[in-house]
Amino acid sequence: MPLWNMRILIPTLDKNGLDASVSPHFGQAAYLALIDVDGQGNVVSTNFEKGEGPHEEREEDEKFSGLRKNIHQRIIDLKPDIITVFMIGPRAIQDFASNGIRVFKLPDGIKTISEVFDAINEGKVQEYRMS
């Protein structure tokens, strides 16, 4: 699948640009990397939004932050074309699919955003399908 003219959302553990570490679980990502790719497959922008973070950190954040708007709706509002993850729940897949957002499972061993791009370009990701 070529990465042309699209916005890609990748859950990450840090904000290290294309070297950011991919989060092992979508719902526990500290950050959401939002990457825009042009018609030639070049990255034109990389932005990081606050994710939900580890479960034990959420309660304190929820008390003092307006960021806790439903995470699924927050992501839908960011308008990604695709989301790449290692693990994600069926409700999230359904919410995103019903809004035209495709969700892809990453193969084991991927560490950084750059490696996510390589896996996509090499056809090593598999789209989640609702049954």
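This tour moves through a predicted model from the whole chain to its cores, one helix, an aromatic pair and two backbone positions.

**The whole chain**

Begin with the full chain in cartoon view, where four helices and six strands can be picked out, and follow them along the sequence in the pattern β-β-β-α-α-β-α-β-α-β. If the 131 residues are then coloured by accessibility, buried residues make up 40% of them. Of the contacts in the chain with a separation of 6 or more, 52% join residues 24 or more positions apart.

**The largest nonpolar core**

Next select Ile8, Ile10, Val22, Ile35, Ile113, Val116 and Phe117, which touch the most other members of the largest nonpolar core, a set of 19 residues. Strand E1 (6-12), strand E2 (31-37) and helix H4 (113-121) are the elements that give two or more residues to this core, and H4 supplies the largest share, with five residues.

Keep the view on Ile35 and show its surroundings: leaving aside residues up to four places away in sequence, Ile35 touches Met6, Arg7, Ile8, Ile10, Val43, Ser45, Thr46, Ile113 and Phe117. Another core, of 17 residues, lies apart from the one around Ile35, and Leu9, Ile71, Ile83 and Ile88 are among its members.

**Helix H2 and what covers it**

Now select helix H2, residues 71-78, which is mostly covered, since six of its eight residues are buried. The buried residues of H2 are Ile71, His72, Arg74, Ile75, Ile76 and Leu78. To see what lies over them, add E1, E2, strand E3 (43-50), E4 and H3, which are included in the cover of these buried residues.

Hide the strands and keep helix H3, residues 90-97, beside H2: the two helices pack at an angle of about 35°, with their axes 10 Å apart, and H2 passes H3 in a right-handed crossing. Showing side chains brings out the residues that make the contact, namely His72, Ile75 and Ile76 from H2, and Arg91, Ala92, Asp95 and Phe96 from H3. By character, the residues of this contact between H2 and H3 divide into four nonpolar, one polar and two charged.

**The aromatic pair**

Stay with Phe96 and add Phe26, for a search of the whole structure finds one aromatic pair, and Phe26 and Phe96 form it in an edge-to-face arrangement, at 5.8 Å centre to centre and with 80° between the planes. Phe26 sits in the loop between E1 and E2, whereas Phe96 belongs to helix H3, so that the pair links distant parts of the chain, 70 residues apart. Both Phe26 and Phe96 are buried.

**Two positions with positive phi**

For the last two stops, turn to the backbone, bearing in mind that most residues other than glycine have a negative phi. Select Asn5 in the segment before E1; although Asn5 is not a glycine, its phi is positive, at about 50°. Is Asn5 buried or exposed? Its relative accessibility is 61%, and because exposed means over 50%, Asn5 counts as exposed.

Finally, go to Lys79, which is found in the loop between H2 and strand E4 (82-85). Lys79 also is a residue other than glycine with a positive phi, near 60°, and with 60% relative accessibility Lys79 counts as exposed.

Technical notes: Residues are numbered from 1 along each chain as its sequence is written. Side-chain values use heavy atoms; hydrogens and water are left out. A nonpolar core is a set of buried Ala, Val, Leu, Ile, Met, Phe, Trp, Tyr and Cys residues joined through side-chain atoms within 4.5 Å. Buried means under 20% relative accessible area, exposed over 50%, partly exposed in between (1.4 Å probe, protein chains only). Contact means heavy atoms within 4.5 Å. Axes are lines fitted to C-alpha atoms, for helices over the stretch in contact, and angles run from 0 to 180 degrees between N-to-C directions. A crossing is left-handed if the near helix is turned anticlockwise from the far one by less than a right angle, and right-handed if clockwise. Ala, Val, Leu, Ile, Met, Phe, Trp, Tyr, Cys and Pro count as nonpolar, Asp, Glu, Lys and Arg as charged, and the others, Gly among them, as polar. Rings of Phe, Tyr and Trp (its six-membered ring) pair if their centres lie within 6.5 Å; planes under 30 degrees apart count as stacked, over 60 as edge-to-face and the rest as tilted.
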